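User: I should like to go through the reasoning behind several structural labels, with each value set against its criterion.

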Amino acid sequence: MESFTPVLEAFTEKTGIEVEYRIYRAEDLATILPAQFESGMAPADVIFMWAWWIANNTDHILDVSDVINPDDFMPGTVDQVTVDGKIYGAPYTGKVKPGFWYRISFFEEHNLEVPTTWAEFETLLETISEIPGIEAPIASGDGVGWPLSDVTEHFILTFGGTELFQGLIDGSVSWTSDEVKAIFRDKLVPLLKAGYFSEPKDWTLILEDWWEGTHALYFMGSWITGMVDNASDLGVFSLPGAEAFVFGPDFMFIPKYTEYPAEAKELVKFLSGAEGQTIQVKQGGHIATNLGVKLDDYPEVDKRVAQLLEGATAVTDLDDTVGGEFQTTFWDQLKYLWVHPDEWEDVLANIEAKAP
Amino acid sequence: MKGKVSTVVAHVVALLIGVVWILPVVSIFMVAIRPIREVLHGWWNFKEFHPTLENFVEALNHPTTPLGRGLLNSFIIASLAMITPVFIAALAAYTFARFSFPVKTYLFLTIIIMMAMPQQMVAIPLFRIMINLGLINTYLGLILVHTAWGLPWIILFLRNFFLTLPIEVEEAARVDGASDFQIFLRIVLPMSLPALLSVTALQFTWVWNDFFLALLIIYSPDKLVATQRLVWMKGKYHTPWDALCAGAILVMIVPVIIYAVFQKYYVKGMVGWVIKG
Amino acid sequence: MSQKNTTPLFFLAPAVILITIFVIYPIIKTLWLSFLSPNGEFVGLHSYFKVLRSKEIINLDRFPYKSPPWGALIHNAMWIAIHLPLTLFLGLFFAIVLKEVRGASIIKSIVFLGMVMPMVIGGLLAEFLFDKDVGIVNVVLRFIGLHPLANISWTYHPETALLATILSGVWMWTGFSMIVYSAALAAIPREYYEAAEIDGATSFRKFIHITLPLLKPATLVVVVMTVLYELKIFDIVYAATGGGPGGASMVLAILMYIKAFVAFNFNEAAVLATLLTLLTLPPAIWIAKTAVGRK
């Protein structure tokens, strides 16, 4: 939106090519694009869509292997849009879901320390719940459902590992398998039952509550840095032992039916290049996929997040990748789980019913 | 006297009804005109009271789903989808009222049963038809669907109304050599002004208030109608209460004004075709 | 009056064409779709059995002893069971009270507001009025001491989400019931009551023996239209909860939409649409009969 326009303006300045920008919801694009493609039409020359969607629709997409070099980007990123050795999409910046955010001033005020083990994490939660004014240590955002699915995925990644995570995405692992059950039974559900997670509340409203001190921790994506008054007071830590994070970069592609393939490729090259991505990250809230973007180009808070990512594996968001009915069911079931943690086994069964 | 007491009681109860029933609207209004910080714990707190229009501005100019555009879209679609079906339905209704022809009853019955149809029963094929005709995500597509969908009930209503018109006037004109169409246009329609006003007001409101058909057909942000924007504001874009309530007021105010202005016709429209007389 | 010319044809053509293309043909197509498998093979009622046995439609594991979700069909039944009596009686009560009251038209207009505004606002109301921080219903509940109910936001909890949407629907729809009854009451000739009074009847007896019987047609109308409304309910629930949490407020119309346009399972969606339509047939036939009745 507003932060994207400067990048486009820089492109126009550099190349003289004018760009018009429109916003659609990805779900709606997923509905109308197939029909348009069948008729040999496309609503734009460069389109941003989910990686898995790009990979599934390569018949209608231009090969951009000539402008994208996988080595320029974080390992694993370009693979998501590579089919049969050809590259069909270009990575842009994205948002990471690094962990639990807290106010540094709050922690200092109450002598709290970032936990390094699970036991310390539990103790931290216990300590926080005793602090007056705290309704629940962890704020639970609500809305469509992704705030809850994000924190759940963090638990799965940390205690199940990337292979299990991938298995859940492609369907080779069942939600009712022992490993997954163990994660819920031993880690997530006890915290829910102990009341460490708050009642779900609209995620933007509960952000205010959290900032004011009604909650101490808030699991959120890196865009949170642009949503608080004082970003330098922000600290973040991940679940002890986390080695992988959900990193959802935006991907763009060029439909075959564009009337300006050369210009479109120019734009894609610029946007995914270090120059374009740097302009975006400088504004805060975005993390680059291009390895040419330097740590110092990040605003202070984002730098900490970027550092967390160093050496870690990036995975795609689980429910976004599977999509469809699974995603809506996943979200809906998690909302249920949050208020009825005792029925976690039914919840897992219901999720499995719609899983790939 | 018993009479007086029961009247007083009736008035008090009536007042209570009014107060209780308007509370939801008052609540929305209160949140719409006050900054969110003041109402986070309930709008009934009046410690601070700084009425403002900023929420309305925010709703109208929301970055990803501006209501201003939505209101305009709704207005265009509702206006076009109100005139067309009324005229087409009037023609058909007149036929049912005045002419007899084979399969008349069956045709009429079929059309009437369409009124009760759930929109879900036509959703999938309608979607495909729209894509095949190139009308998906267009005003024209939505207007056509609303026109078709509005026809059954408007036909029923107008047919019942035409039946109450004195046939002698039309017969006299026929004796004078007027064609059916001339009789319809010059005599019947002018006599039907009240009924036409009723159906027009109701149809406009019905289209304005629609959500499902728009959900089915309209996708691009610049074409979304007001009701869609409101739901997206709440669901997808998590607009907090202030802009959301302001948006709700803006969306509801149009049909409320129509109701206020056309009240007599509006109510007759709702009740008229359903109850005799 | 009988005309053997072609005028009826021309006059009817636009309407018939539009309705055929955009209403009748899609209905038949959907029906056909419900008998097919995703590959296009004819499988008859196979999908129907599958859908009817699905927990999303009827969940007898949970109904009636556990909290919702109970299955979309049962939820719609709940809508009828709760919404219908409430709107019927409230509408009748209001119509009676407001009959002889000065300034009644203003109050009637207030009650009727719900019918005038878009139904999606009912969804907003369901979440807003029952919110634990900003909801007026919660304030009242707190006042009368029902704290467990007051301190939750109803739309986030499976036990209360369905009820929140239904009550919001009551607020939206009671106006209809009220104006139908108002019109019917106004149509009862005064002489009936005066004659009864001469015979010494009390208000109560007048009500039972004169008013109620004469209100039967109106009651039928209200019941038929309201049941149709409850079966087809979509906007309010979609805007309020999307059917959640955990499907606890799901209704047939929304389930159909999700199956068709989120899961892309067109055949099962067609089955749901057909089932929903079958349920609306009794009211539809009643409407058709009474409509044609007046020739």
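User: What is the strand order of the open sheet of chain A, and which kind of pairing does the sheet have?

Analyst: The model is a predicted one. In chain A, an open sheet of 4 strands follows the order β6-β9-β5-β10, and its pairing is mixed.

User: What makes β6 and β10 of chain A edge strands?

Analyst: Each of them, β6 (138-139) and β10 (234-237), pairs on one side only.

User: How do you know that β6(A) and β9 of chain A pair?

Analyst: Pairing requires at least two bridges between the strands. Strand β9 (residues 217-220) of chain A is joined to β6(A) by 2 bridges, so the criterion is met; the two strands run parallel. Within this pair, Ala139(A) has Tyr218(A) of β9(A) as its bridge partner.

User: Why is Asp229(A) called exposed?

Analyst: The label applies when 12 or fewer other C-beta atoms lie within 10 Å. Asp229(A) has 6 within that distance, and therefore counts as exposed. Asp229(A) sits in the loop between β9 and β10 of chain A. Its C-alpha atom is separated by 37 Å from that of Glu266(A), a residue 37 places away along the chain.

User: Why are the buried residues of α11(A) said to line one face of the helix?

Analyst: In helix α11 (residues 300-309) of chain A, the buried residues are Val301(A), Asp302(A), Val305(A) and Ala306(A). Viewed down the helix axis, the buried residues of α11(A) fall within an arc of 140°, so they line one face.

User: Which elements do the buried residues of α11(A) pack against, and which residue with positive phi follows the helix?

Analyst: The packing partners are β4 (90-97), β10 and α10 (274-282) of chain A. After α11(A) comes Gly311(A), with a positive phi near 85°.

User: Why is the largest nonpolar core said to lie between the two domains of chain B?

Analyst: Domain 1 (1-52) and domain 2 (62-272) of chain B both contribute residues to the core, so it lies between them. This core has 197 residues, of which Ala89(B) and Leu158(B) touch the most other members. The element that gives the most to the core is helix α4 (residues 67-98) of chain B, with 16 residues.

User: Which residues does Leu158(B) touch, not counting residues up to four places away in sequence?

Analyst: On that basis, Leu158(B) touches Ala89(B), Ala90(B), Ala93(B), Ala195(B) and Val199(B).

User: How are the two domains of chain B placed, and what makes up their contact?

Analyst: The centres of domain 1 and domain 2 of chain B, taken over C-alpha atoms, are 34 Å apart. Each domain of chain B brings 7 residues to the contact. On the domain 1 side, α1 (2-33) and α2 (36-39) of chain B are the elements that give two or more residues, and α1(B) has the largest share, 4 residues.

User: What is the character of the residues on that side of domain 1 of chain B, nonpolar, polar or charged?

Analyst: The side of domain 1 of chain B that touches domain 2 comprises 7 nonpolar residues, no polar and no charged ones.

User: How many residues of chain B and chain C are in contact, and which element of chain B gives the most?

Analyst: The contact involves 81 residues of chain B and 75 residues of chain C. On the chain B side, α1(B) gives the most, with 12 residues. That side divides into 61 nonpolar, 16 polar and 4 charged residues.

Conventions: Residues are numbered from 1 along each chain as its sequence is written. Chains are lettered from A and ligands numbered from 1 in the order in which they are written. This is a predicted model: local features need pLDDT of at least 70, side-chain atom pairs count only at pLDDT 80 or more; totals for chains, interfaces and linings use all residues. Domain bounds come from an automatic or database domain assignment. Ala, Val, Leu, Ile, Met, Phe, Trp, Tyr, Cys and Pro count as nonpolar, Asp, Glu, Lys and Arg as charged, and the others, Gly among them, as polar. A residue is buried if 20 or more other C-beta atoms lie within 10 Å of its own, exposed if 12 or fewer, and partly exposed in between; C-beta atoms are placed from the backbone. A nonpolar core is a set of buried Ala, Val, Leu, Ile, Met, Phe, Trp, Tyr and Cys residues joined through C-beta atoms within 7 Å. The arc is that of the directions from the helix axis to the C-beta atoms.
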